[in-house]
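Reader: Please take a close look at one part of this structure and tell me what surrounds what. I am in my first year, so keep the terms explained.

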Amino acid sequence: VSGAGAGVSSLQVLDDLLAYVTDRQRLPMVRKVIVAGHSGGAQIVHRYAVLNNVDEKVRASGIDLRYVVANPSSYLYFTPDRPVAPDYRRFAPYSTATCADYDKYRYGMRDMVAYARGTDGMTLYRRYMQRQVTYMVGSEDNDPNHRVLDKACGAEAEGPTRLQRARAYWRYEQVLAPPGQASAHRAFEVVGVGHDQARMFGSQCGAQAVFGMDPAANGKGAACRAPQQ
């Protein structure tokens with residue numbers, strides 16, 4: 001890529017967009033900002049929610065900043081641990097013989113992008129847990145051969161399907177938490193929905209997270225349930 005924007009991180013672009021819409025001189029009526037994404041979009045939203053350094057400043061200004069992460073192929077891990085097959089309820093370092101680079105960014109903390117270079121995984125985790133994040137995954141997004149599922153070995157280290165990867169990551173967040181650790185995160189499985197952006201964001205939990213719609217007023221939206229533990 002060449003030109004004026006060459007070398008600019010997509011995470012920095014999100015910083016700039018957020019600065020634009022939260023500028024009280026330009027848009028004085030803004031009270032809430034939702035950064036939402038589905039599939040590949042959810043992957044960048046998740047990384048941005050973990051890595052950005054502007055969240056607390058935005059919220060301190062009185063703007064409610066939230067993130068919605070729906071059906072991503074992979075997640076950013078804070079430590080070298082990954083879910084262990086077959087039930088993905090236990091966590092241990094993954095085999096580097098199977099995947100030498102499994103813990104490199106965008107799956108882990110090694111070789112971090114310049115935007116967040118020098119950051120420490122557990123410091124990021126503690127900060128991230130205080131940010132307003134809603135995870136959603138379709139209960140039917142369970143095809144290990146889905147045409148746009150990330151099949152790189154770093155993604156495969158997180159589980160075989162988007163559904164399994166989502167469940168494992170939600171458990172992982174809880175496993176990392178020290179006693180008394182508060183969390184501002186919520187997680188939902190959208191019942192009967194696969195890799196479908198419209199039905200995910202139109203679900204009862206999706207429309208509430210993105211649009212503030214009362215689930216009682218969204219009877220046609222897919223139901224949501226707590227993630228499997």
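Author: Start with glutamine 197, which lies in helix H7 (residues 197-201). Helices (H or I, at least four residues) and strands (E, at least two) are DSSP runs, numbered from the N terminus. The model is predicted, so local features need pLDDT of at least 70 and side-chain atom pairs count only at pLDDT 80 or more, while totals for chains, interfaces and linings use all residues. Residues are numbered from 1 along each chain as its sequence is written, and side-chain values use heavy atoms, with hydrogens and water left out.

Glutamine 197 has a relative accessible area of 46%, so it is partly exposed (buried means under 20%, exposed over 50%, partly exposed in between, with a 1.4 Å probe and protein chains only). Its C-alpha atom is separated by 9.7 Å from that of glycine 138, although the two residues are 59 apart along the chain.

Glycine 138 belongs to a strand that also takes part in the aromatic contacts. There are 11 aromatic pairs in the structure (rings of Phe, Tyr and Trp, the last by its six-membered ring, pair if their centres lie within 6.5 Å; planes under 30 degrees apart count as stacked, over 60 as edge-to-face and the rest as tilted). In one of them, tyrosine 75 and tyrosine 135 have ring centres 6.2 Å apart and planes at 70 degrees, so this pair is edge-to-face. Tyrosine 75 sits in the loop between strand S2 (64-70) and strand S3 (81-84), and tyrosine 135 in strand S5 (residues 132-138), so the pair ties together parts that are 60 residues apart in sequence. Both tyrosine 75 and tyrosine 135 are buried.

Another pair joins tyrosine 77 and tyrosine 172: the centres are 4.4 Å apart and the planes at 45 degrees, so it is tilted. Tyrosine 77 is in the loop between S2 and S3, whereas tyrosine 172 is in helix H6 (residues 162-176), so parts 95 residues apart in sequence are tied together. Tyrosine 77 is buried, with a relative accessible area of 0%, and tyrosine 172 is buried too, at 1%. These four tyrosines are linked by ring pairs into a cluster with Phe91, Tyr169 and Trp170.

S2, S5 and H6 appear again around helix H2: they are among the elements that cover its buried residues. Nine of the 12 residues of H2 are buried, including Val45, Tyr48 and Leu51.

Methods. Contact = heavy atoms within 4.5 Å.
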